[in-house]
Amino acid sequence: MSFKTVVITGASRGIGLSFAKLYQAKGCHVYAACRSASAELTALGVNVIEHIDVTKDEDIGKLASALNGVPIDLLINNAGILRDERLGSIDKDSIRRQFETNALAPLAVTEALMNNFSDGAKLALITSRMGSVEDNTSGGRYGYRMSKSALNIAGMSLSHDLKPRGVAVAILHPGLVGTEMIGGYGDITPDQAAERLAQRIEALNLENTGTFWHSNGQVLPW
């Protein structure tokens with residue numbers, strides 16, 4: 001599918017910025033939502049929708065208003081945060097913030113924009129294999145793991161609920177990406193991650209909707 005209009009949350013840096021660059025280069029109309037636009041995002045010349053905190057209902061409303069009447073071919077819910085909690089020093093407020101950003105916000109953004117979806121539109125949720133129960137071999141990271149697991153099950157529900165509308169849903173793990181969020185170390189760059197994720201999105205259809213994919217094409221365990 002050739003996407004005409006792509007909407008990306010958390011687009012000011014990291015994978016979100018790389019998605020914006022990639023889809024702009026493909027000739028798409030890119031709408032980049034973020035709390036504060038970076039110089040790199042501004043320099044792209046895409047449609048920047050600034051001052052959007054996806055955990056706030058009023059900001060999601062502003063995003064929906066800014067996109068009023070805009071048909072969306074691809075929505076990428078990319079915004080997320082990572083914190084570190086360990087047993088013996090659990091911070092419930094930190095966990096709540098991760099749930100708000102990583103799990104509830106993508107669902108709320110999708111609901112607010114679902115009437116914008118064009119025929120054959122696609123929804124991509126940027127999650128993590130750290131949300132996999134089976135793949136958890138090291139423990140820790142309670143808030144991040146729990147919130148991403150919640151996002152995964154939300155993605156599965158969305159795949160069922162949006163299928164009658166002709167919208168396919170991808171639940172995507174980017175890999176270990178060298179972003180600012182994890183301190184810059186990683187196996188691949190944000191640009192490489194965006195390119196690989198875009199390949200998974202291209203392969204997405206109503207037959208494989210709801211698949212939990214690694215960006216390298218591996219189907220991940222729940």
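Reader: What makes Ala33, Val54 and Val109 contacts of Thr9?

Author: Contact means heavy atoms within 4.5 Å. Leaving aside neighbours within four places in sequence, Thr9 is in contact with Ala33, Val54, Ile76, Asn77, Asn78, Ala79 and Val109. Do keep in mind that this is a predicted model, where local features need pLDDT of at least 70, side-chain atom pairs count only at pLDDT 80 or more, and totals for chains, interfaces and linings use all residues. Residues are numbered from 1 along each chain as its sequence is written, and side-chain values use heavy atoms, with hydrogens and water left out.

Reader: Why is Thr9 called buried?

Author: Buried means under 20% relative accessible area, with a 1.4 Å probe and protein chains only. Thr9 has 2% relative accessibility, so Thr9 counts as buried. Its place is in the loop between β1 (5–8) and α1 (14–25); helices (H or I, at least four residues) and strands (E, at least two) are DSSP runs, numbered from the N terminus.

Reader: Lovely. How do you know that β5 and β6 pair?

Author: Two strands pair if DSSP finds at least two bridges between them. Strand β5 (residues 117–126) and strand β6 (residues 168–173) have five bridges, in the parallel sense. Lys122 stands opposite Ala168 in β6.

Reader: And what makes β3 and β7 edge strands?

Author: The seven strands form an open sheet with parallel pairing, in the order β3-β2-β1-β4-β5-β6-β7. β3 (47–49) and β7 (211–214) each have a single partner strand, so one side of each is left without a neighbour in the sheet.

Note on methods
Buried means under 20% relative accessible area, exposed over 50%, partly exposed in between (1.4 Å probe, protein chains only).
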